[in-house]
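Me: I should like to take a close look at a single part of this structure. Please describe one pairing of strands in detail, and then explain how it fits into its surroundings.

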2 protein chains.
Amino acid sequence: MQVRVKTKHLRARLENLAVILVETIYPENIGAAARACANFGVPNLILVRPRDLHPEKMKAMATRSGLPLLKRMRICDDLITALEDFHYVVGTTARLGRQRKVYETVREIAPRIVDLSQNNRVAILFGNEKWGLTNEDLYHCHTVITIPTTEAASLNVAQAVVIVLYEIFCASAEVEISKPRLATLRELEIMYEIIRETLKSIDYIPHENEILWMTTVRRFLSRLDLTAQEVRVIQGFCRQLLWALQKSSPQTSVQSKN
Amino acid sequence: MQVRVKTKHLRARLENLAVILVETIYPENIGAAARACANFGVPNLILVRPRDLHPEKMKAMATRSGLPLLKRMRICDDLITALEDFHYVVGTTARLGRQRKVYETVREIAPRIVDLSQNNRVAILFGNEKWGLTNEDLYHCHTVITIPTTEAASLNVAQAVVIVLYEIFCASAEVEISKPRLATLRELEIMYEIIRETLKSIDYIPHENEILWMTTVRRFLSRLDLTAQEVRVIQGFCRQLLWALQKSSPQTSVQSKN
């Protein structure tokens, strides 16, 4: 049932990933981005020309998990300096004009970012709250991706960071949650037998048509994908019911009634 | 290149979906949840016992797109009243103790929510910032899902709303972005011919090994998945280069040199 994934079990080398926020206006969004990085194990946050670094506002949104990110984040005066040591740069945009040449969604590119992160440092760029990344910023990107939304949408920059990192995380981890094991046929048959016995004891099964009736019951219960534990609960209930019936009518024993 | 999806083109009947926030503490998160609903086309927001409904704080985070959601959101005193008219209830949790019986991630359940929304009203529950949904809240859920994160993670409630609605949206829409069409072989061969001519004109291809040399060039350029437009750019560059070479050495014509 483990879904909290240890970062060492991820395919991506998260230490090779960085979130770069360009000209972010609100310090709350820097804090929220730091928290998103922490949630999905990305250790590097870089700010390019942030407009406001109000510490309390950043910290409030970063919460405890995001504080280490805020402490070690880099702040750069220009994007080119920030990008120098990276091997691959991914821009994000909500605007899809022809000039932007956006051909991939975040879900499509996520597996490639995971692969590239094995041997390369990958930067993911997010523009500011008002106009996003400029064409000049996008000039430095190897590729530009987008997040599908409804027509009228405007994702907040921190929400965009959450979705992009979540997609990379999902592409990187075996996140399928372990499913409960179903009851075996042996366990099921014991349960069906006691159900049959119980239903007969209260005269709820027509004598002439027992198999058809029990088929309905079996199909109904099969749809539930019962686990061994749930089978035991139903069995216990039937057993208790039989006992209660016998106790309440000691003169005519339930067994002998049928 | 259309990724902004018109809601009428979605498989889910979004009007049948609702986000229910239980005992939310910070009005900013109510606002951010409203914005997330707007971004992914979910028109119904219900609050159960909100702790603080500070209008300005809610509106600031909802931004313009989330305001209609805030205007028509329902506020209930208890969860049972809020759920009365729904057919299916999905709880969300980050805690995965055995008692919680969490067997599905949000990505796994998203297609089922889309299917159910065709004929049923589906509520998705989110707990508050401190302790999430209580066991008593989860008692009313048909199923409980989780969002995969790193071990140490704590998703903000509004971030959780963003990810859940994004997954439902992706499961509902044909969000694959249209890819550029590649150049045809006819277009490519014209380009390769002028490249060959250009390289020969500057004596860059060894005469004895022309095919091997051009194979290297073709493999290199093939890796780029060139579009017709890009092919024309390369062709134009070569043609211009040939012209410049001829102009700079009018005595020895480039053609005659080879």
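Reply: In the predicted model, B:T105 has B:T146 of strand β8(B) as its bridge partner. This pair belongs to the contact between two strands: β6(B) is joined to β8, residues 143–146 of chain B, by two bridges, and the two strands run parallel.

The wider setting is an open sheet in chain B, made of seven strands with parallel pairing. Read across the sheet, the order of the strands is β4-β3-β2-β7-β5-β8-β6. Two strands of chain B stand at the edges, namely β4 (74–76) and β6 (104–105). Each of them has a single partner strand, so one side of each is left without a neighbour in the sheet.

A helix also packs on this sheet: α6 of chain B, which covers residues 157–172. Helix α6 touches three strands of chain B, β2 (17–22), β5 (88–92) and β7 (122–126). The direction of α6 makes an angle of about 150° with that of β7(B).

For context, one may turn to chain A, which contains 10 helices and nine strands. The radius of gyration of chain A is 30 Å, whereas a compact globule of 258 residues would have a value near 18 Å. Along the principal axes, the C-alpha atoms of chain A fill a box of roughly 90 × 40 × 40 Å. Of the 258 residues in chain A, 41% count as buried. Among the contacts in chain A between residues at least 6 apart in sequence, 84% join residues at least 24 apart.

Note on methods
Residues numbered from 1 in each chain as written. Chains lettered and ligands numbered in written order. Predicted model: local features only at pLDDT ≥ 70, side-chain atom pairs only at ≥ 80, totals over all residues. Pairing = 2+ DSSP bridges. Helix = DSSP H or I, 4+ residues; strand = E, 2+ residues; numbered from the N terminus. Contact = placed C-beta atoms within 7 Å. Axes fitted to C-alpha atoms, helices over the stretch in contact; angles between N-to-C directions. Rg over C-alpha atoms; globule rule 2.2 N^0.38 Å. Buried ≥ 20, exposed ≤ 12 C-beta atoms within 10 Å, placed from the backbone.
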